[in-house]
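Hi,

Here is the structure I promised to pass on to you. Have a look at it first, and then read on for my notes.

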Amino acid sequence: DASHTAILYLEDLNVSFDGFKAINNLTLYIDKGELRCIIGPNGAGKTTMMDIITGKTRPDSGQAWFGQTVDLLKLSEPEIANAGIGRKFQKPTVFESHSVAENLELAMHGNKSVWYSLRARLSGEQQALIDETLQTIGLTDHYHQAAGALSHGQKQWLEIGMLLVQKPYLLLVDEPVAGMTHQEMERTAELLTSLAGKHSVVVVEHDMDFVRSIAHQVTVLHQGSVLAEGTMDEVQNDQRVIEVYLGE
Ligand code: ADP
């Protein structure tokens with residue numbers, strides 16, 4: 001049974017908005033360490049699914065489990081974040097006037113007032129995590145630079161770093177390459193691929209070339225349900241998927 005190795009399992013979820021079924025008997029498993037891409041036409045329910053996982057939207061029925069024991073439907077948004085689910089929205093929201101390293105410290109401490117009272121007193125372990133994260137996101141040389149002076153792509157990587165210092169088990173990433181240059185997209189593919197294994201990563205993305213470059217498994221959502229699942233080649237050759245995308 002796939003649910004036994006899953007870090008996330010969603011079962012028979014339903015959500016209606018004013019009688020409109022945005023999520024319709026959605027069942028989906030994400031394995032530990034997996035890098036999964038979620039695709040699907042506009043209105044397919046991708047955002048609503050992410051909102052259920054993070055506690056922003058409550059389903060009308062169904063189940064959502066994080067690991068074997070954590071019932072996401074019983075937790076608040078902050079409790080879900082504390083349990084180890086980090087979400088990155090499409091638009092980067094870094095602290096522009098603070099340095100790259102300070103942004104990571106702020107994210108690590110959770111809020112500004114804690115950071116101000118603790119600043120310059122990172123433990124060795126915390127400093128090591130900051131340094132390791134800077135390496136991972138490729139911004140070591142930008143340690144002291146104001147985040148506001150970074151390129152769009154670098155801001156996106158910094159925001160991923162701000163999630164990483166919170167040591168998430170599961171990372172939810174919404175359209176990471178929107179607005180990126182080709183080179184930034186390649187770097188982002190490397191970054192997300194390098195995170196898988198250590199973390200489980202779910203990426204919602206519209207750019208199909210990018211999805212092909214990173215994903216092992218792709219899930220296609222349509223009208224609030226899973227339409228197809230498999231490798232990019234498998235889902236792209238699926239007649240139902242072709243019809244849904246042609247009809248967009
Ligand atoms: P996607 O992210 O795949 O584009 P969404 O999850 O944003 O899809 O939306 C799924 C459907 O639910 C859409 O038809 C959308 O208009 C509708 N929807 C989403 N959120 C709300 C809401 N808060 N109120 C009413 N309708 C909503």
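Below is what was found in it, going from the domains to the sheets, the helices and the ligand.

Please keep in mind that this is a predicted model.

**Domains**

The chain is divided into two parts: domain 1 covers 2–94 + 150–246, and domain 2 covers 95–149. Taken over C-alpha atoms, the centres of domain 1 and domain 2 are 26 Å apart. Their contact involves 15 residues of domain 1 and 18 residues of domain 2. On the side of domain 1 that touches domain 2, helices α6 and α7 (182–195) each supply at least two residues. The largest share of that side comes from α6, with eight residues. Sorted by class, the side of domain 1 that touches domain 2 has nine nonpolar, four polar and two charged residues.

**The six-stranded sheet**

One open sheet has six strands in the order β6-β7-β8-β3-β9-β10, and its pairing is mixed. At the edges are β6 (85–88) and β10 (225–230), each of which pairs on one side only. If you ignore direction, neighbouring strands of this sheet are turned by 20° against each other on average.

Within this order, β3 (residues 35–39) and β9 (residues 217–222) pair in the parallel sense, over four bridges. If you want a place to start looking there, I39 stands opposite V220 in β9.

Two helices lie across strands of this sheet. Helix α7 lies across β3, β7 (170–174) and β8 (200–204), and it runs at about 145° to β8. Helix α10 (residues 239–246) lies across β9 and β10, running at about 125° to β10.

**The four-stranded sheet**

Another open sheet is built from four strands in the order β2-β1-β4-β5, with antiparallel pairing. Here the edge strands are β2 (20–31) and β5 (70–71), and each of them pairs on one side only.

Strand β1 (residues 6–17) runs antiparallel to β4 and is joined to it by five bridges. In that pair, E11 stands opposite Q63 in β4. On to the next neighbour: β4 (residues 61–66) and β5 also run antiparallel, and two bridges join them. F66 stands opposite V70 in β5. The hairpin of β4 and β5 has three residues between the strands, and in it G67 takes a positive phi near 65°.

**Helices packed on α6**

Helix α6 turns up again here, with two partners to look at.

The first to mention is α5. Helices α5 (residues 124–137) and α6 (residues 152–164) pack at an angle of about 145°, and their axes are 9 Å apart. The crossing of α5 past α6 is right-handed. From α5, the residues T133, T136 and I137 meet W157, L158, I160, G161 and L164 in α6. By class, this contact of α5 with α6 has five nonpolar, three polar and no charged residues.

Then there is α3. The axes of α3 (residues 100–109) and α6 come within 8 Å and cross at roughly 35°. The crossing of α3 and α6 is right-handed. On the α3 side the residues are V100, N103, L104 and A107, which meet L158, G161 and M162 in α6. The contact of α3 with α6 divides into five nonpolar, two polar and no charged residues.

If you compare the two lists, you will find L158 and G161 of α6 in the contact with α5 and also in the contact with α3.

**The ligand**

I kept this part for last, as you may want to spend some time on it. Which residues surround the ligand? They are F17, A22, G40, N42, G43, A44, G45, K46, T47 and T48. Helix α1 (residues 46–53) gives the most to this shell, with three residues. As for the classes, the shell around the ligand has three nonpolar, six polar and one charged residues.

The strands described above can help you find your way to this shell. F17 belongs to the shell, and β1 spans residues 6–17. A22 is in the shell as well, and β2 spans 20–31.

That is everything from my side. Enjoy looking through it!

Best wishes

Notes:
Residues numbered from 1 in each chain as written. Predicted model: local features only at pLDDT ≥ 70, side-chain atom pairs only at ≥ 80, totals over all residues. Axes fitted to C-alpha atoms, helices over the stretch in contact; angles between N-to-C directions. Left-handed = near helix turned anticlockwise from the far one by under 90°. Contact = placed C-beta atoms within 7 Å. Nonpolar A, V, L, I, M, F, W, Y, C, P; charged D, E, K, R; others polar. Near = placed C-beta within 6 Å. Domains from an automatic or database assignment. Pairing = 2+ DSSP bridges.
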